Amino acid sequence: MAEQRLLDVLNQSIARELQVSIQYMWHHVMAVGLESPAVKDIFREIAIVEMKHAEQFAERLDYLGGVPTTKPDPIAEGGSLKQMIEADLKAEEEAITLYREGIRLSIEDRDPVTRILFEGVLEAEEDHHKTFRDLLK
């Protein structure tokens, strides 16, 4: 049985992934302005990836005996296109920190499968972070 701390981080990860999948899809719908056509598709594509991450974390948590949350973390809504991207960049920074903690706890718990899951998702989150950072330049 996994340590409770690891189960908690998995559940926090689910809540975060649910949050950003909704947030990014909302930003896809609400983005307006001359620069929005190129960015709208980026929001949509990343939102779909994030929903798949939520599913992966939920499946792992269920396997380890936990109960996956269905409640997302608070969703950043609206604002200018720049404000949306800034909120999304912040969400990715939070994910990177959380998933590094998940990796650390997985190592402590001697759970290589969960560690590999966190590492794979972390790689995607760093890519999303770079995408949002580059959009702000």
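Contact here means heavy atoms within 4.5 Å, and in this predicted model the buried residues of helix H2 are in such packing against H1, H3 and H4.

**View 1. Helix H2 and its buried residues.** The buried positions of H2 are Ser36, Val39, Phe43, Ile46, Ala47, Glu50, His53, Ala54, Phe57, Ala58, Arg60 and Leu61, and these residues pack against H1, H3 and H4. Because an α-helix has 3.6 residues a turn, residues three or four places apart point the same way. The helix contains 28 residues, for which a rise of 1.5 Å a residue gives an expected span of 40 Å, and this agrees with the 41 Å that separates its end C-alpha atoms. After H2 comes glycine 65, which has a positive phi, near 100°.

**View 2. The largest nonpolar core, with phenylalanine 57.** This core has 21 residues, and those with the most contacts inside it are Leu10, Ile14, Phe57, Tyr99 and Phe118. At least two of its residues come from each of helix H1 (4–30), helix H2 (36–63), helix H3 (81–108) and helix H4 (112–136). A second, separate core of 13 residues includes Val39, Met84, Ala91 and Phe132. When neighbours within four places in sequence are left aside, phenylalanine 57 is in contact with Leu10, Ser13, Ile14, Glu17, Tyr99, Leu117, Phe118 and Val121.

**View 3. Aromatic pairs between helices.** The structure holds five aromatic pairs, one of them formed by tyrosine 24 and phenylalanine 132, which meet edge-to-face with 5.3 Å from centre to centre and 70° between the planes. Tyrosine 24 belongs to helix H1 and phenylalanine 132 to helix H4, so that this pair links distant parts of the chain, 108 residues apart. Tyrosine 24 counts as buried because its relative accessibility is 0%, and phenylalanine 132 is likewise buried, with a relative accessible area of 0%. In the pair of phenylalanine 57 and tyrosine 99, the ring centres are 5.2 Å apart and the planes stand at 45°, so the pair is tilted. Since phenylalanine 57 lies in helix H2 and tyrosine 99 in helix H3, the pair ties together parts that are 42 residues apart in sequence; both phenylalanine 57 and tyrosine 99 are buried. Ring pairs also link Tyr24, Phe43 and Phe132 into a cluster.

**View 4. Arginine 16, a buried residue of helix H1.** Arginine 16 lies in helix H1 and, with a relative accessible area of 3%, is buried. Apart from neighbours within four places in sequence, the residues in contact with arginine 16 are Glu50, Asp73, Ala91, Glu92, Ala95, Tyr99 and Glu125. The side chains of arginine 16 and glutamate 125 are joined by a polar contact of 3.4 Å. Arginine 16 and alanine 91, although 75 residues apart in sequence, are separated by 8.2 Å in space, C-alpha to C-alpha.

**View 5. Arginine 110 in the loop between H3 and H4.** Arginine 110 is located in the loop between H3 and H4, and its relative accessibility of 75% means that this residue counts as exposed, since the cut-off for exposed is over 50%. The phi of arginine 110 is near 55°, a positive value in a residue other than glycine. Most residues other than glycine have a negative phi.

Conventions. Residues are numbered from 1 along each chain as its sequence is written. This is a predicted model: local features need pLDDT of at least 70, side-chain atom pairs count only at pLDDT 80 or more; totals for chains, interfaces and linings use all residues. Side-chain values use heavy atoms; hydrogens and water are left out. A nonpolar core is a set of buried Ala, Val, Leu, Ile, Met, Phe, Trp, Tyr and Cys residues joined through side-chain atoms within 4.5 Å. Buried means under 20% relative accessible area, exposed over 50%, partly exposed in between (1.4 Å probe, protein chains only). Helices (H or I, at least four residues) and strands (E, at least two) are DSSP runs, numbered from the N terminus. The expected span of a helix is 1.5 Å times one less than its number of residues. Rings of Phe, Tyr and Trp (its six-membered ring) pair if their centres lie within 6.5 Å; planes under 30 degrees apart count as stacked, over 60 as edge-to-face and the rest as tilted. A polar contact is a pair of N or O atoms within 3.5 Å; within protein, one must be able to donate a hydrogen and the other to accept it, and residues adjacent in sequence count only if both atoms are side-chain atoms.
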